[in-house]
Each structure stands twice: as C-alpha cells, then as structure tokens.
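Here is a short tutorial on reading a protein model. A learner asks, and a teacher replies.

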Amino acid sequence: PGASEEMAPPLQQNFMIPKKEINVVSDMGKWKRSQAYADYMGFILTLNEGVRGKKLTCEYKVSEVGEEFGCSWFSFSDFAAVVPDSSLDAWSLPIEKLVALLNTLDRWIDETPPVDQPSRFGNKAFRTWYAKLDQEAEKLVAAVIPKHLADAAPEVALYLKESVGNSTRIDYGTGHEAAFAAFLCCLCKIGVLRVDDQMAIVFKVFNRYLEVMRKLQKTYRMEPAGSQGVWGLDDFQFLPFIWGSSQLIDHPNLEPRHFVDEKVVNENHKDFMFLECILFITEMKTGPFAEHSNQLWNISAVPSWSKVNQGLIRMYKAECLEKFPVIQHFKFGSLLPIQPVTS
C-alpha cells in the first residue's frame, strides 16, 4: 500500500500549526480515512518490521543526514553496513541531536524538583517543567532540523509539546505517546530522519523518550490519562509493547510465558523493550502481577511472540486509535493531514 512518491512532501511545503479536527464522536470516520491515519499506522508498522528479532544493544548503521525528502516506508532496507557508534561524527546526526534534545528535557526535570503539596499525585512542579518546554520547544526542534527546513519547526514542535503529558491535569497516556510517534513521523516526512534508520529511531530516540517519560511519571507522580485501570494494558505506554514483542519474535529461548518471571526480566531487560516495560511496572506497583496487570498476565499465555505482536497491533487500533477520548486531542497539519487518503 502506498508508494514512496506519495510520502514525499513537495519542497515548497506550506507548513502550518497543527490543529484539532476531531470534535465529536462522528468525526472519527474522518480520522480513520485520513492521510494522517494511513501515514501514522504505516510508520508504526514499518518500525515494527525494522526492529523484528533485534536487541536494543545491537549495532546498526545510521544515515549521516536526512538529505532525501520523504521516505519509502514500504521498502525495508537491510542493515548491511554496520558502523560502530564511535566512528560516527555524533553531531552531524539527527539521531544524536534528538537524543541530546531528550537529554535536555531530562536535565530540566533535575532542575525542577517536586514541590511540597497536600496531594500525593499530580505534583504541580510539572507545570513549571512544562512551561519551560512550551517556551523552548521550537528552538529545540530548530536545532535538529537543517536550516532550509526552518519553516517546519513550529509545525513539528507542536507534536513534541503534546508528547509529554497534560499540564492542566498533570496526566500522561497513550495519546501523548502517539504525539511523540507523530513527531518522529513528521521528521521522516521532511527528510530529517530516514526510514532506514528504523532501529536507531526506536532503540535510541524512542527508548530515550521512554526513559524521560518514566522519570516524569515518577518524579511528578503523574496520573494515567484515561486509564482503564487493571483492564488496560499499561497505565502509560503502548508502543514499546508492540515494538518490544517484535524484537522477541523467533527468540531461541525467551517465550511469552517467561516475561512474568522476575529472574528472566532482571537478566534480559537491557536487551528488550518489552521487558523494560515489565520491570517498570513491577517497580511502580505492588501485589501479585496477575492482579495489577491482568491484560499482560493473559498475554503471557499466548504461545508465540508473533501472535502477541499481531494481537497488540489489533488492540492498539481498537483501544487507542479508535477511541474518541484519545483521538480528540490529536492535531492535524500539512505533514499529517486530515484530508482523506489519496488512493
């Protein structure tokens, strides 16, 4: 589905500040038929293929600069040329610049300690931290993209601002996570990231994003946004379970039943995103796993990782992308347009 030409935006792109388009439940059909939905889902699935059977710690090549416009999301590149990290000119790389951006967000958490307040949850210091991001986001994004694309910064930066939680409610959920994936998708569309950087996008950038989000969730005791409680997959994330299960497909000895085994998680979490998620859950929650994470407990009974992966993709569409309370907050612009798919 979809040729790479359709993905490439024209060089004279008219960038815009993305805006809300899904206002009532009956608008959901517009979203599912949109170019944005097709491109977003195509991006998620391409990354899913790109990390299949690969460890977080493996070596992979990273393109020097995203010089080409658009990306062929449906031709998966082979990672033939393996370049050890040390030999790369770190600062010429959009990947490294994105990691540096996330490191800045991390440093701001350290500079903004939680305040004393009566309520345990939703520490108001998050609003101070968020105000800094709100103010600096465009500048941060401008540092990642080449000069000739400077006009794209405000459009792309909006997705970054939407990806860290809500400063009024001091909550975080899968809609915020989706905004970060949309942010990365937009960087691909303007040619800053290349789709053959699949592994680096997930293992370096998205994984660093997760670490920063976990620190935010912990430090400011953020509430889960629209949590389904014990019946949801996880209070905060979804994508790392999808990509993390793909990493484990055809693993010689780790099966889905093993992820509820503490010893297995402790020995392997540094290699696999799925196990990092499980570790974080067990750090944050008390009591038997089957009780606080019932859905994951059920998933541990599925016979193979490829079945888990397929099931999670279906569940993601149904529980996140097709739920009005999540999608009503999604913003649409020139890179992720609400216009129907051009077939």
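The dialogue below goes from the overall fold to single residues and then to a pocket.

Q: What secondary structure does the protein chain have?
A: Start with the count of elements. This is a predicted model. Its protein chain comes to 15 helices and 4 strands.

Q: What share of the 343 residues is buried?
A: Burial is read from relative accessible area, and under 20% is the cut-off. Here buried residues make up 55% of the protein chain. The accessible surface is about 15300 Å², and carbon and sulfur atoms hold 53% of that surface.

Q: What share of the contacts joins residues 24 or more positions apart?
A: Take contacts with a sequence separation of 6 or more. In this chain, 80% of them link residues 24 or more positions apart.

Q: Which residues touch the most other members of the largest nonpolar core?
A: In soluble globular proteins, nonpolar side chains tend to be buried together. The largest nonpolar core here has 108 residues. W31, W129, F183, W243, F274, L296 and L312 touch the most other members. By element, α8 gives the most to this core, with 12 residues.

Q: What is F183 in contact with, beyond its neighbours within four places in sequence?
A: Set the sequence neighbours aside and list what remains. F183 is in contact with L98, V141, V156, Y159 and L160. V156, Y159 and L160 are among the buried residues of α6.

Q: Why is helix α6 described as largely enclosed?
A: Count buried residues along the helix. Helix α6 spans residues 153-161, and 8 of its 9 residues are buried, so the rest of the structure largely encloses it. The buried set includes two residues with charged side-chain names to look up, E155 and K161. Its packing partners are α4 (94-110), α5 (125-142), α7 (174-189) and β4 (331-332).

Q: Is K204 buried or exposed?
A: Compare its relative accessible area with the cut-off. K204 is buried because its value of 16% falls under 20%. K204 lies in helix α8, residues 198-219. Its side chain makes a polar contact with the side chain of E96, at 3.1 Å.

Q: Which residues lie nearest the centre of the largest pocket?
A: Look at volume, then lining. The largest pocket has a volume of about 720 Å³. Of its 36 lining residues, G173, T174, G175, A225 and V326 lie nearest the centre.

Q: Which helix supplies the largest share of that lining?
A: Sort the lining by element. α7 gives the largest share, 5 residues. α6, α7, α14 (305-321) and α15 (324-327) each supply at least two.

How values were computed: Residues numbered from 1 in each chain as written. Predicted model: local features only at pLDDT ≥ 70, side-chain atom pairs only at ≥ 80, totals over all residues. Heavy atoms only, no water. Buried < 20%, exposed > 50% of the residue type's maximum accessible area, 1.4 Å probe, protein only. Contact = heavy atoms within 4.5 Å. Areas by Shrake-Rupley, 256 points an atom, 1.4 Å probe, with all protein chains shown as cover. Polar contact = N/O pair within 3.5 Å; in protein donor to acceptor, adjacent residues only side chain to side chain. Core = buried A, V, L, I, M, F, W, Y, C linked by side-chain atoms within 4.5 Å. 1 Å grid on protein atoms, 1.4 Å probe; cavity = no way out; pocket = protein on both sides within 12 Å on 5 of 7 lines; lining within 4 Å. Points joined across faces, edges and corners; volume = space filled by probe spheres on them.
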